[in-house]
Amino acid sequence: MKNIEELTAVFLVGGKGTRLGLGDLPKPLVDIQGIPLLERMILNFQNQGIKNFIMLCGFGASKIEAHLSQKQFDNINIKIIIEPKPLGTAGSFSLIKDIVSDKFIVVYGDLIFDLDLNKFVSYSLNKNCTAVLYAHPNDHPFDSDLIKINLDNKIVDFISKPHVNPSCGNLSNAAFYLFDKAIFKYIPEKIEGILDWGKDIFPKMVAKKEKMYVYRGTEYIKDIGTKERILKANIDFKKGKILSKNYKYKQKAIFFDRDGVINEEIDGVYEISKFKLRGEAAEILKRVNLSNFLAICVTNQPGIAKGFMKIEDLIQIHNKMEWLLANANGSFFDDIYFCPHHPEKGFPGEIKKYKIDCECRKPKPGMLIEAAKKHNIDLSSSYLIGDNLRDIEAGEAVNVKSFLLCEESLDKEHQINKISEALDQILK
Ligand SMILES: [Zn+2]
C-alpha cells in the first residue's frame, strides 16, 4: 500500500463530555469556533485525501449518528460502529477487524490537530512496522503516557501513567497512530472487560519486541480533556496557531548549544550527577515554547568518541535535562541533536567508529541542516545561541542569525551577556 487514499481512518469517538460541562453531548461534538470538533477532523482528513472513515462509538452514539446524518460530505464513506458495551480504546477494535484497510490511521476523537498527514503516512509506511505513534514533548509529562525510544526512533519502552521517576525523556503519546493489521493479533476475538492501547496493548507489544516506532513531531495535537484546554484550543485556533504549526508551512526555530548555555559548563559532563541547569535555562525555554519558535538543542559531545561516556550515558543525561525543565516550569526542547564524533585520534579508550571527520560537529552546520529537513525549518528566519565561536560559525554557515553568550569581548558583533537579551531581540 503506497497511497494515502487507500487508508481507512478510524476515529475513537466514545468520550463523554460531562466533565467538560457539555451535559450529554459527546466530547467530539464540542464546538470549536462555530464547527464541532468531529466535523473539523473529518474535513481535515478529507482535504488530505482520506476517503474511508470508521467512527467507533460508545457513549452518545445516537447523537454522533444524528449529527453526521445531517451533514453532506462529498465523496467519502463513513461507517458508524457502535460498541454493545464499553470495550476500551483497543477492545473496540475487535468490532472492525474485517472492515479496515491493511494499514490504517487511528485518531482519538477528543484531539484538536492540524498536521501534514502525507508526511506522517509516508514516514510510517517506510518503517514497514506494526505501529507508528505520533509523539511529542509536552508541558505536562507527569500525567502523560511516555515513550522511550532508541536512536532509530524504535520504541523500547512504553510507560503508562501514572509513573514516578520514569527512566525516559519527555516524549509523550499524542494518541495519533498508524497501524498495520498485524496489530490485531493483540486484540482477542472476545473481549473480557476493557482493553486500552496505552495501558494494556502497547506495553505488551514492547515486551514482545514488536516493531513499533515513534514519529517525533512538533505540529499542533492537543486533547480537549478539560474546560481550560477547550478554551485554549479556541484561542489557538483563532490566532492561527493550530494551522501554522503544520509542516506544510515553514517553521522557525531557536537553536541552543547545550554546555554553558542550558547547563553549567564544566570540563565535559560525562556523569548524570554532574548535570546542572543554568539559572535562566528553564525560564528561557518557557518563553520560546510560548512563542512561534521551536526550541532545538544542538550539542557537540566528543566525549563519546573519546570513550569518556557511552551513548546510553548521554541519553540518560538528556532525560535528566528534560525532567529538570519539566519540573521547573513545564518547559521543553522540541528536539535534541548531538554529535558523538571527534576527528583527532590518539585518546586511550577512544571509540574508532566515532573518530571521524563528520558533517555534524560544529562549526559544521550538519545538525542544523538535519533539523531543518525534519521539521521544515526556514533557517534564514531562525536563530542560534551558543557560547563558543564554533557555534556562531555553524549558524552563520547556513544563514542562521547567531548570538554569542560570553563575558569577555570575543566577538562584539554577536556578543550577549544573558540569553534573555537575545530573546528580547528575537521575540520583540
Ligand atoms: Zn558528528
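Trainee: Is Asp-257 buried or exposed?

Mentor: This is a predicted model, in which local features need pLDDT of at least 70, side-chain atom pairs count only at pLDDT 80 or more, and totals for chains, interfaces and linings use all residues. Residues are numbered from 1 along each chain as its sequence is written, and side-chain values use heavy atoms, with hydrogens and water left out. Buried means under 20% relative accessible area, exposed over 50% and partly exposed in between, with a 1.4 Å probe and protein chains only. Asp-257 has 7% relative accessibility, so the residue counts as buried.

Trainee: Which residue meets the side chain of Asp-257 in a salt bridge?

Mentor: A salt bridge is a side-chain nitrogen of Lys or Arg within 4 Å of a carboxyl oxygen of Asp or Glu. Here the N to O distance is 2.9 Å. The partner has a relative accessible area of 2% and is buried. It is Lys-362.

Trainee: How many residues apart in sequence are the parts that Asp-257 and Lys-362 tie together?

Mentor: Helices (H or I, at least four residues) and strands (E, at least two) are DSSP runs, numbered from the N terminus. Asp-257 lies in the loop between β14 (252-256) and α8 (281-289), and Lys-362 in the loop between β16 (335-339) and α10 (366-375). The parts are therefore apart by 105 residues.

Trainee: In which helix is Asp-391, which meets Lys-362 in a salt bridge?

Mentor: The side chains of Lys-362 and Asp-391 come to 2.8 Å, N to O. The two residues are 29 residues apart, and Asp-391 is in helix α11.
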